[in-house]
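Thanks for asking me to look over this one with you. Below are my notes as numbered points, so you can follow along with the picture.

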Amino acid sequence: MASSSSSSASSPGPRDPARLPDPSVRTVVHLLRHGEVHNPEGVLYGRLPGYHLSERGRAMAQRVAEHLVDAGHDIALVVASPLERAQETARASADALGLEVGVDERLVEAGNQFQGLTVGVGDGALRRPEHWWKLRNPLTPSWGEPYVEQAARMRAAADEARVRAEGRHALLVSHQLPIWVTRLSVEGRRYVHDPRRRECSLASLTSLHFVGHRLEGVTYREPAADLLPGANPVPGA
């Protein structure tokens, strides 16, 4: 998906050869998963509108904002998925840092054909024969947006943020699956995985550390770890 006008309008144009980026400059792009969502029905909400942060989710977003400020991260920009839960999570950090929240559609939740259904263990959605064909290939996956496409759009958004925040930090707020497949991609790992084993909890930070344009490493933190017990475990996709 192409980035929205809010992101592209402030993107730099072609660089003057005399102003090429310093290959020794260090830049960090933080991929932040949104906080807990109010979802009493336990549906796979995906890209559906109207799903906002819960009270716990707002506390998680605030905890991340406090962490970024206390840690002294030099955040140059805050950009989020257009979905409400991501925008609300981003707003807490942007307010704390005195920044605006940009919008980039490339950070949106993964597309999923089970969107709007409940898919937990024992639920009828996955037990009904008409849905079985969608489960035929976990490698793509056959039930939603291909992993390779998610990683490509997320990496493009992260690379643009790296250029815009050169020498500083950027905060991109997205969703569990897109963030996780991005990490798998940059670390050279296979996309197929057990969703229960994703290291990408609510309000977690997966940080990409660059030296020039080269990825030096990935770190992971959970600033709101103490708020995770009891949180709704249903992911968006």
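1. Let's begin with one residue: in which loop is D104 found? D104 sits in the loop that joins β3 (101-103) to α4 (147-164). Is D104 buried or exposed? With a relative accessible area of 2%, D104 is buried, because residues under 20% are counted that way. The side chain of D104 also has a partner, making a polar contact of 2.8 Å with the side chain of R106.

2. Before going further, please keep in mind that this is a predicted model. The mean pLDDT of the protein is 86, and 81% of its residues reach 70 or more. Take care at the start of the chain, though: pLDDT stays under 50 over residues 1-18. For that stretch the model has 29 contacts beyond four places in sequence.

3. Now for the overall layout. The protein has five helices and six strands. Reading from the N terminus, the elements follow the order α-β-α-β-α-β-α-β-α-β-β. Of the 237 residues in the protein, 47% are buried. Among contacts with a separation of 6 or more, 71% are between residues 24 or more positions apart.

4. Next, look inside. In soluble globular proteins, nonpolar side chains tend to be buried together. Here, the largest nonpolar core has 19 residues, and M60, V78, L171 and V173 touch the most other members. Which elements each supply at least two residues of this core? They are α2 (55-70), β2 (75-80), α3 (84-97) and β4 (169-174). There is also a second, separate core of 16 residues, with V29, L77, V79 and A170 among them.

5. V173 deserves a closer look. Leaving aside residues up to four places away in sequence, V173 touches L32, H34, V79, A80, S81, A86, T89, A90 and L107. Try finding these neighbours of V173 in the structure.

6. My favourite element is helix α5 (residues 176-186). Why can we call α5 largely enclosed by the rest of the structure? Ten of its eleven residues are buried, so α5 is largely enclosed. The buried residues run through Q176, L177, P178, I179, W180, V181, T182, R183, L184 and S185. Their cover includes β1 (26-33), α4, β4, β5 (205-211) and β6 (214-221). Just after α5, G188 takes a positive phi of about 70°.

7. How do α4 and α5 meet? Their axes come within 8 Å and cross at roughly 85°, so the two helices are roughly perpendicular to each other. On the α4 side, the meeting residues are Y147, Q150, A151, R153, M154 and R155. On the α5 side, they are L177, P178, I179, V181, T182, S185 and V186.

8. Finally, visit R26, which lies in strand β1. Is R26 buried or exposed? R26 is exposed, because its relative accessible area of 52% is over the 50% cut-off. Even so, R26 has contacts: setting aside residues up to four places away in sequence, R26 touches G167, R168, F210, V211 and E216. With E216 there is a polar contact between the two side chains, at 2.6 Å. R26 and G212 are 186 residues apart in sequence, while their C-alpha atoms are 6.2 Å apart in space.

Technical notes: Residues numbered from 1 in each chain as written. Predicted model: local features only at pLDDT ≥ 70, side-chain atom pairs only at ≥ 80, totals over all residues. Heavy atoms only, no water. pLDDT = per-residue confidence, 0-100. Contact = heavy atoms within 4.5 Å. Core = buried A, V, L, I, M, F, W, Y, C linked by side-chain atoms within 4.5 Å. Buried < 20%, exposed > 50% of the residue type's maximum accessible area, 1.4 Å probe, protein only. Helix = DSSP H or I, 4+ residues; strand = E, 2+ residues; numbered from the N terminus. Polar contact = N/O pair within 3.5 Å; in protein donor to acceptor, adjacent residues only side chain to side chain. Axes fitted to C-alpha atoms, helices over the stretch in contact; angles between N-to-C directions. Parallel < 35°, antiparallel > 145°, perpendicular 65-115°, else oblique.
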